[in-house]
Amino acid sequence: MIFTLLIFILSPNIYAKSYLSVKADDNFLVYGEKTSDLAIVLGLEEAQLENYCKENNIYYLAADKNNHRQIKLTVNSTDFSQSVVNLSNLSDDKLISLSDQISGFEDTVGQVVNKNGQKFLKIEMLSSDSGGEYLLTQYITVADKNSITLSFLNNKSVNTDYVEETFESLSCSAFLTVDEKQINALNIIIPVATVLFIAVCLIIGYTVIRDLRKPEEDDTTNDD
């Protein structure tokens, strides 16, 4: 009974809400909200921007007014995502070893980030062109057989606090989530369950020994 109880407690919840969302701060121009302004900043026609998002499976796209910071959320179905189902099913060591395959970049070593039960592979890369140096940060995961990538591209000189803040806003119905209340309950229930288990073992052990010794005592009495 104790073992069964622990299984239910340790099992993560999957929220039933049907959505995938992310939110940037008010300094960003978001596709679908300020599409025309975003197209101008990116140097595209609105129709070109629309085609770009459709062709690249972009669920969310935003940039600041100076185009020094960009946020992009893509959702794709790949052979890897179909086979893995959910990235949280893999160990941290396995995720690190698969960094190249998951990110699509060679010689990449990622960092595993756990967001309330859902695992992500975080990738950071520095690149440069005539416009200067740029930092690419990606949070990659697989949920419900889909590869979900939240990307941040910004000028190296720009403050990157927005990256963590935006990532924290990311939510999806397919993400595995662990309730904090359950975690706190575990800190109490597991020690209590352990004590109860030991007590039951001692009682069972005492009963077995007593029953084994009883026939011997009966035989001794009969001999007398």
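This is a short walk through a predicted model of one protein chain, from its overall make-up to its cores, a few strand residues, its salt bridges and its surface.

Hi everyone, thanks for coming. Let me start with the overall picture. The chain has 224 residues, and 33% of them count as buried. Eight helices and eleven strands make up its secondary structure. If you take contacts between residues at least 6 apart in sequence, 54% of them join residues at least 24 apart. As for the outside, about 14,300 Å² is exposed, with carbon and sulfur atoms supplying 53% of that area.

Now to the inside. In soluble globular proteins, nonpolar side chains tend to be buried together. Here, the largest nonpolar core holds 23 residues. Which residues have the most contacts inside this core? They are Tyr 60, Ile 71, Leu 73, Tyr 139, Leu 150 and Leu 170. Several elements each bring at least two residues to this core: strand 3 (28-30), strand 4 (58-64), strand 5 (69-76), strand 8 (132-143), strand 9 (146-155) and helix 7 (161-169). There is also another core, apart from that one, with eleven residues, including Phe 80, Leu 95, Ile 102 and Val 142.

Let's zoom in on Leu 73. Setting aside residues up to four places away in sequence, Leu 73 touches Leu 20 and Val 22, the run of Asn 57, Ile 58, Tyr 59 and Tyr 60, then Ile 148, Thr 149 and Leu 150, and finally Leu 170. One of those partners, Thr 149, sits in strand 9. Is Thr 149 buried or exposed? Thr 149 is buried, because its relative accessible area is 12%, and the cut-off for buried is under 20%. Beyond its sequence neighbours within four places, Thr 149 contacts Lys 72, Leu 73 and Thr 74 on one hand, and Gln 138, Tyr 139 and Ile 140 on the other.

Val 75 is worth a look too, and you'll find it in strand 5. At 23% relative accessibility, Val 75 counts as partly exposed. Its C-alpha atom is separated by 5.7 Å from that of Ser 147, although the two residues are 72 apart along the chain. Leaving out residues up to four places away, Val 75 touches Leu 20, Asn 57, Tyr 59, Asn 146, Ser 147 and Ile 148.

On to the charged pairs. A search of the whole structure turns up four salt bridges, and I'll show you some of them. Arg 69 and Asp 64 meet through their side chains at 3.2 Å, N to O, and both residues are buried. Next, Lys 119 pairs with Asp 92, with the closest N and O atoms 3.0 Å apart. Lys 119 lies in strand 7 and Asp 92 in helix 5 (residues 92-97), so this pair ties together parts that are 27 residues apart in sequence. Lys 119 is buried at 13% relative accessible area, whereas Asp 92 is partly exposed at 37%.

Then there is Lys 156 with Glu 133, a salt bridge at 3.4 Å, N to O. This one links Lys 156, in the loop between strand 9 and helix 7, with Glu 133 in strand 8, 23 residues away. Lys 156 is partly exposed at 48%, and Glu 133 is partly exposed at 38%. Both also contact Leu 126, which touches Tyr 134 and Leu 135 as well, neighbours within four places aside. Leu 126 itself belongs to strand 7.

A quick word on the backbone. Most residues other than glycine have a negative phi. Two loop residues to check on your screens are Asn 116 and Lys 145. Asn 116, between strand 6 (111-115) and strand 7 (118-129), has a positive phi near 55 degrees. Lys 145, between strand 8 and strand 9, has a positive phi of about 70 degrees.

How many disulfides does the structure hold? The count is zero. Among the cysteines, Cys 53 is buried at 6% relative accessible area, and Cys 172 is buried at 13%.

Finally, the surface. Val 200, Ile 204 and Val 208 form a nonpolar patch there, with about 240 Å² of accessible area together. Ile 204 is in helix 8 (residues 180-223).

Thanks, and I'm happy to take questions.

Conventions: Residues are numbered from 1 along each chain as its sequence is written. This is a predicted model: local features need pLDDT of at least 70, side-chain atom pairs count only at pLDDT 80 or more; totals for chains, interfaces and linings use all residues. Side-chain values use heavy atoms; hydrogens and water are left out. A nonpolar core is a set of buried Ala, Val, Leu, Ile, Met, Phe, Trp, Tyr and Cys residues joined through side-chain atoms within 4.5 Å. Buried means under 20% relative accessible area, exposed over 50%, partly exposed in between (1.4 Å probe, protein chains only). Helices (H or I, at least four residues) and strands (E, at least two) are DSSP runs, numbered from the N terminus. Contact means heavy atoms within 4.5 Å. Patches are made of residues with over 30% relative accessible area and no salt bridge: like charges are joined within 9 Å, nonpolar side chains (Val, Leu, Ile, Met, Phe, Trp, Tyr) within 5 Å. Accessible areas come from the Shrake-Rupley method with a 1.4 Å probe; for residues, only the protein chains shown count as cover. A disulfide is a pair of cysteine sulfur atoms within 2.5 Å.
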